[in-house]
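Reader: I would love a close look at one part of this model, with a walk through its surroundings afterwards. Could you take me through it step by step?

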Amino acid sequence: MIYFDNSATTKAAPEVVDTYAKVSERFWGNPSSLHNVGEQAFNLLEQSRQQIADLVGAKLSEILFTSGGTEGDNWVIKGTAIAKREFGNHLITTEVEHPAVYNTMAQLETLGFDVTYLPVDENGRVSAEDLRAAIRPSTILVSTMAVNNEIGAIQPLDEIAAVMRDFPRIHWHIDAVQGIGKGLMDHIFNDRVDFVTFSGHKFHAPRGIGFMYKRQGRKIAPLMTGGGQERDLRSGTENLPAIVAMAKALRLLLDDEGEKVKRQREIRLAILHHVEKFSKVTIFSKESPLFAPHILCFAIAGVRGETIVHAFEQHEIYISTTSACSSKKHMESSTLKAMKIDDGIATSAIRISLDEHNTMAEAEKFNQVFDELYTQFEKLS
């Protein structure tokens with residue numbers, strides 16, 4: 001089997017699964033309990049928090065645990081809207097955000113908030129100048145992704161940071177779910193960002209666990225109230241086995257990150273250079289430093305994306321249409337729509353997404369199967 005759908009989810013690493021099992025067996029106390037069993041669990045929880053903080057260059061108090069990217073995005077956006085409502089009701093995001101951001105913004109619009117959706121260029125990237133022009137006295141939040149989940153476009157984070165430095169009271173959130181472990185940490189954790197959200201299952205941790213960076217001193221309202229865990233910001237008994245496993249997965253991910261990124265880029269380009277030779281192929285993820293090393297999105301004119309996905313599946317090669325969150329619902333690609341790609345081409349789009357375990361041999365096998373399928377598609381059309 002060749003698994004090229006890592007932007008949808010990754011396989012949990014064996015070492016991570018082992019850690020999860022051991023913690024479940026040995027540290028089953030509630031971290032909030034006063035007795036020794038609870039104290040052991042609490043100490044392990046805080047050790048994991050410190051490990052993650054050290055890995056991303058943050059303070060221990062700036063790391064908060066969530067159930068994943070969707071909760072993190074919702075928490076930052078709604079939590080800011082609640083906490084800063086008295087200062088304004090205007091929020092800014094982009095037209096190419098993940099539904100966890102886009103649909104959350106749309107929900108706030110029904111509650112009286114005003115949202116500006118920044119347009120993107122032919123590469124799926126926003127303009128820092130457009131952002132500056134959109135900011136108002138009533139703006140309380142700017143939310144931008146680091147890496148687009150459909151085509152892999154990297155947003156101009158350094159340029160956005162330069163704009164945001166002129167507006168220090170506005171919260172800036174980066175959805176870094178697709179950006180972690182891809183050589184972008186220095187750009188994501190710049191000196192201006194206030195909130196960054198991550199999802200563990202995108203880097204070989206268990207599903208249902210994630211973490212958020214919250215800059216010290218920034219105010220955000222809790223979405224879940226109760227027992228006061230996570231410094232009264234996110235109540236609920238902590239998922240200790242998953243948290244410890246996620247800390248381990250992050251350490252493994254960031255170990256020798258540069259070499260892993262280089263390998264993924266080489267594999268991606270080997271496929272890109274092969275498929276771009278075919279006349280009916282349109283490449284959306286270009287050979288450019290403006291795109292992440294692990295995502296390649298392209299279309300074969302006249303063949304629907306789901307048809308291509310199932311054709312490769314017959315060869316035990318697993319890819320996807322543009323987004324796992326929308327593929328089964330047959331939703332159109334929001335990114336390609338924002339890029340003003342013709343619907344006839346957009347519906348043919350597929351996405352290959354790599355991780356550090358994919359190999360050049362797998363790319364060569366993909367290219368071989370692609371040749372066979374392309375010939376079949378030509379005959380059918």
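Is E230 buried or exposed, and what is its relative accessible area?

Author: Happy to take you there, with one reminder at the start: this is a predicted model. E230 has a relative accessible area of 4%, so it counts as buried, the cut-off being under 20%. The residue belongs to helix α8, which covers residues 229-232. Its backbone deserves a glance too: E230 is not a glycine, yet its phi is positive, at about 55°.

Helix α8 holds another residue of this kind. D232 is also placed in helix α8, and its phi is positive as well, near 65°, although D232 is a residue other than glycine. The surroundings of the two side chains contrast: D232 has a relative accessible area of 56% and is exposed, whereas E230, at 4%, is buried.

From there, let us move along the chain to helix α9, made up of residues 240-254. L240 lies in this helix and, with a relative accessibility of 2%, counts as buried. To give a feeling for scale, take A106 as a partner: L240 and A106 are separated by 134 residues in sequence, and their C-alpha atoms are 33 Å apart in space.

Next come the aromatic rings. The whole structure contains 11 aromatic pairs. One of them joins F278 and F370 in an edge-to-face arrangement, with 5.0 Å from centre to centre and 75° between the planes. F278 sits in the loop between α10 (257-275) and β9 (281-283), while F370 is part of helix α15 (residues 360-380), so this pair ties together parts that are 92 residues apart in sequence. F370 itself is buried, at a relative accessible area of 1%.

F278 has a further partner in Y374: that pair is tilted, with centres 4.6 Å apart and planes at 55°. Y374 is in helix α15 and F278 in the loop between α10 and β9, so here the parts tied together are 96 residues apart in sequence. Y374 is buried too, with 5% relative accessibility. Both pairs belong to a wider group, as F4, F278, F298, F312, F366, F370 and Y374 form one aromatic cluster. Elsewhere, a ring meets a charge: the charged end of R85 sits over the ring of F113, 4.2 Å from the ring centre.

Helix α3 offers another view of burial. It runs through residues 69-83, and its 15 residues reach 20 Å from the first C-alpha to the last, close to the expected 21 Å. Of those 15 residues, 12 are buried, so α3 is largely enclosed by the rest of the structure. The buried residues include W75, V76 and I77, along with charged ones such as E71, D73 and K78.

Finally, a look at the empty space inside. There are two cavities of 30 Å³ or more, and the largest cavity holds about 120 Å³. Its lining comprises 15 residues, and N6, T10, K182, K202 and H294 lie nearest its centre. Sorted by class, this lining has five nonpolar, six polar and four charged residues.

To return to your starting point: in helix α8, E230 is buried at 4% relative accessible area and carries a positive phi of about 55°, with the exposed D232 in the helix too.

Terms used:
Residues are numbered from 1 along each chain as its sequence is written. This is a predicted model: local features need pLDDT of at least 70, side-chain atom pairs count only at pLDDT 80 or more; totals for chains, interfaces and linings use all residues. Side-chain values use heavy atoms; hydrogens and water are left out. Rings of Phe, Tyr and Trp (its six-membered ring) pair if their centres lie within 6.5 Å; planes under 30 degrees apart count as stacked, over 60 as edge-to-face and the rest as tilted. Helices (H or I, at least four residues) and strands (E, at least two) are DSSP runs, numbered from the N terminus. Buried means under 20% relative accessible area, exposed over 50%, partly exposed in between (1.4 Å probe, protein chains only). A charge sits over a ring if NZ of Lys or CZ of Arg is within 6 Å of the ring centre and within 35 degrees of the ring normal. On a 1 Å grid over the protein atoms alone, a cavity is a set of points where a 1.4 Å probe fits but cannot get out, and a pocket is an open set with protein on both sides within 12 Å along at least five of seven lines; lining residues have an atom within 4 Å of a point. Grid points are joined across faces, edges and corners, and a volume is the space filled by probe spheres set on the points. The expected span of a helix is 1.5 Å times one less than its number of residues.
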